[in-house]
Amino acid sequence: MFYGKATDQATQERGECGGAVTAILTAALEQNLVDGALVIKRSESIYDGFPFFATTKEEIAEASGSLHCAPTLSAKVIKNYLDGARDTRIAVTCKPCDARAIVEMGKRNQINMDNIYMVGVNCAGTMPPVPAREMIRKFYEIDPDDVVKEEIAKGKLIIQTKDGEHKEVSIDTLEKEGYGRRKNCQRCEFNIPRMADIACGNWGVIGPDAGQATFIEVFTDKGQKLLDTATSSGALTLTDAPPEGIALREKLDGIMVKMAHKFMDAQFAKYDGDDKFEKMFADLDRCILCRNCIINCPICYCEECFTKKDYVMAQGTLPPEPMFHLTRLMHIGPSCVDCGQCEDGCPAEIPIAMITHMVQTDLQKATGYVPGRSLEDPIPLSEWEEVQE
Amino acid sequence: MSQAEAAQSSEQEWEPRILTFCCNWCSYAGADSAGTSRMQYPTNMRIIRIMCSGRLNPMFIVKGFLSGADMVMMLGCHFGDCHYLKGNFACNARMTLLKPYLQAIGINPERLYWNQISASEAIKFKETMENIVKKGKELGPIANELGVHAQGAGAQTSKKTAKAVAEDSFS
Ligand SMILES: Cc1cc2nc3c(=O)[nH]c(=O)nc-3n(C[C@H](O)[C@H](O)[C@H](O)COP(=O)(O)OP(=O)(O)OC[C@H]3O[C@@H](n4cnc5c(N)ncnc54)[C@H](O)[C@@H]3O)c2cc1C
Ligand code: FES
């Protein structure tokens, strides 16, 4: 475990925490380890982040900095627009949900894992862009467009304006009022992407380096290769992380996991009781069958959708027969990574990610399968032949 | 029987409807042999014959519940006897996942029953049927759980009454 920062002064300054990620990506590209980097790039403002496939050093540099209001998911982008990395070698910056989704898609042969380098970034949550603007106006009383940087630290959302002013409000306050992180991020117990090749983040960086360097943990040989490439080409400077820093990072992670469990219990309680089915369908019956949840879901990939068969459900009725939702829940339930893309895309505002996540946690209790944790865990039912009594 | 009488009797003597999937090679033959041996067993079940228990898509079971079945039963060959060698292992694996799934969506997993009955086990078939009907009566109508989404129940029927299934969508 290391502290890392870009050797180059300009990259250091542009970067969120010393520009280590940018340096690693640039070195990988220049040393021909990858053909390009899939990054999240800022457009008009910090509320506009979009996935971008950078193939030059300059393009990677443009994407430096963390965008906390970019609830994008890179996994399906790789499949839909980069041909599932069949012939392109890609380094991708991924939050834990990105990484888990990529792993799940890799297991289903939708992404060629041989060509993927996952540069993980720790994540304590993202915010939906439009409500975030509203929140800045309401709680910080400034123009959202004046914000140049936001950061989640010590349970507070800290923003920095273009005049260099810092303002902070506790996340608790924001979330009690219905703002702050997305609901699925509140429930997320994966803050450090341990399934990626490396994980980078500011947690655990203490002393004079605090805020100026990135804590890097390596998990795989590929990750080691990324670091070696970056250090040998002189792009990245590494120092060993002190034990207190490592302990602090673990502690912060532990706090977040505990909070996530509290949020899960609180949110799932909505459907508790003997009439769970009816309560769930009170929400699900708002569905207008736009299929956005299917289009956005990283786990859904069938060319021929089961729900389009008329022996499964009547076609052309609204709300769709319960078989529509129940099929989704059965097909993706065991592997849901709770990325929240379905809920973000739902025009009827059905808490669909929450329902799917709820089913997933129940199935996890029964099967022990943790979605996206590792490429080695077999997907439930994929190895049934071995189960004999 | 007048309609009023029919309604009254269905209230008194509610009978669960049991959807039974039987594999062609063992369990269906088991049912057959129970029939030819003139065994008396409850008439609550509607049998659907499938070629192998491995053919059963778990969603068919869910669809069964939504169509008004109070219990769904899957009967296949014993391990090692499957006509297609491994179909019943696949079925077994699916059932172990389907039970927690049913629980998760708010259907009592005890409403699903999976067992293995061979062609010669007419007595086991009969006894299974009797037990399942008993269990079904204990659990009550599926409409208790599915509410308005249970077919044949209809929005107008009040909950927790046996009347919920007065109109049998199977018959
Ligand atoms: C939403 C979010 C929340 C975070 N929360 C924490 C936290 O709680 N604790 C912690 O230790 N670290 C967190 N981080 C990581 C931290 O902010 C830095 O990204 C990390 O330290 C790397 O800094 P750097 O200077 O090396 O990165 P840079 O060199 O500035 O590069 C940042 C890279 O991140 C990518 N990126 C930016 N936004 C996103 C996004 N939304 N999704 C995916 N990739 C993105 C960019 O493409 C860019 O390549 C978070 C990052 C993000 C994106
Ligand atoms: S043939 Fe009977 S279970 Fe496969």
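**Reading contacts and turns in a predicted model**

Modeller: Let us start in helix α5 of chain B, where B:Glu130 and B:Lys126 sit four residues apart, about one turn of the helix. Please keep in mind that this model is predicted.

Biologist: What do B:Glu130 and B:Lys126 form, and how far apart are their closest N and O atoms?

Modeller: They form a salt bridge, with 3.1 Å between the closest N and O atoms. The idea is a cut-off: a side-chain nitrogen of Lys or Arg must be within 4 Å of a carboxyl oxygen of Asp or Glu. B:Glu130 is partly exposed at 33% relative accessibility, and B:Lys126 is partly exposed too, at 23%. Salt bridges can also share partners: A:Glu104, A:Lys107 and A:Arg108 are joined into one network that way.

Biologist: How many salt bridges does the count give over all chains?

Modeller: The count comes to 29.

Biologist: Which parts of chain B does the pair B:Glu15 and B:Lys137 tie together?

Modeller: First the pair itself: B:Glu15 and B:Lys137 form a salt bridge, and their closest N and O atoms are 3.3 Å apart. B:Glu15 is in the loop between α1 (3–12) and β1 (18–23), while B:Lys137 is in helix α5 (residues 122–139), so the salt bridge ties together parts that are 122 residues apart in sequence. To judge the surroundings, look at the relative accessibility: B:Glu15 has 34% and counts as partly exposed, and B:Lys137, with 39%, is partly exposed as well.

Biologist: Where do A:Glu321 and B:Lys63 lie, as a pair that crosses between chains?

Modeller: Their side chains meet in a salt bridge, at 3.8 Å from N to O. A:Glu321 belongs to the loop between α12 (292–296) and α13 (322–332) of chain A, and B:Lys63 to helix α3 (residues 58–66) of chain B. Both ends are partly exposed: A:Glu321 has a relative accessible area of 25%, and B:Lys63 has 23%.

Biologist: Is helix α3 of chain B largely enclosed or open, and why?

Modeller: Seven of its nine residues are buried, so this helix is largely enclosed by the rest of the structure. Among the buried ones are B:Pro58, B:Ile61 and B:Phe65. After the helix comes B:Gly68, with a positive phi near 105°.

Biologist: Now the ligand. Which residues come nearest to ligand 1?

Modeller: There are 29 residues around ligand 1, and the nearest are A:Cys17, A:Thr22, A:Gly65, A:Asn202 and A:Trp203. Sorted by class, the shell has 13 nonpolar, 14 polar and two charged residues. The largest share of the shell, four residues, comes from α2 of chain A.

Biologist: Which polar atoms lie by the nitrogen and oxygen atoms of ligand 1?

Modeller: A polar backbone atom of A:Gly65 is 2.7 Å from an oxygen atom of the ligand. A:Leu67 places a backbone N or O atom 3.0 Å from a ligand nitrogen, and A:Lys95 places a polar side-chain atom 3.2 Å from a nitrogen of ligand 1. Taken alone, the ligand exposes 900 Å², and the protein buries 99% of that.

Biologist: How many disulfides are there over all chains?

Modeller: A disulfide is a covalent bond between the sulfur atoms of two cysteines. Here the count comes to zero. For A:Cys123, the nearest cysteine sulfur, that of A:Cys185, is 5.9 Å away. A:Cys123 is buried, with a relative accessible area of 16%. The sulfur of A:Cys287 is 6.5 Å from the closest cysteine sulfur, in A:Cys293, which is too far for a bond. A:Cys287 counts as buried at 10% relative accessibility.

Biologist: And the backbone angles: which residues does the cis peptide bond with omega of about -15° join?

Modeller: It joins A:Leu318 and A:Pro319. A:Pro319 is in the loop between α12 and α13 of chain A. For phi, look at the sign: A:Leu289 has a positive phi of about 55° although it is not a glycine. A:Leu289 lies in the loop between α11 (276–284) and α12 of chain A, and at 22% relative accessibility it counts as partly exposed. A:Leu381, not a glycine either, has a positive phi of about 75°. A:Leu381 lies in the segment after α15 (352–367) of chain A and is partly exposed, with a relative accessible area of 30%.

Note on methods. Residues are numbered from 1 along each chain as its sequence is written. Chains are lettered from A and ligands numbered from 1 in the order in which they are written. This is a predicted model: local features need pLDDT of at least 70, side-chain atom pairs count only at pLDDT 80 or more; totals for chains, interfaces and linings use all residues. Side-chain values use heavy atoms; hydrogens and water are left out. Helices (H or I, at least four residues) and strands (E, at least two) are DSSP runs, numbered from the N terminus. Buried means under 20% relative accessible area, exposed over 50%, partly exposed in between (1.4 Å probe, protein chains only). A residue is near a molecule or strand if one of its heavy atoms lies within 4 Å of it. A polar contact is a pair of N or O atoms within 3.5 Å; within protein, one must be able to donate a hydrogen and the other to accept it, and residues adjacent in sequence count only if both atoms are side-chain atoms. Accessible areas come from the Shrake-Rupley method with a 1.4 Å probe; for residues, only the protein chains shown count as cover. Ala, Val, Leu, Ile, Met, Phe, Trp, Tyr, Cys and Pro count as nonpolar, Asp, Glu, Lys and Arg as charged, and the others, Gly among them, as polar. A disulfide is a pair of cysteine sulfur atoms within 2.5 Å.
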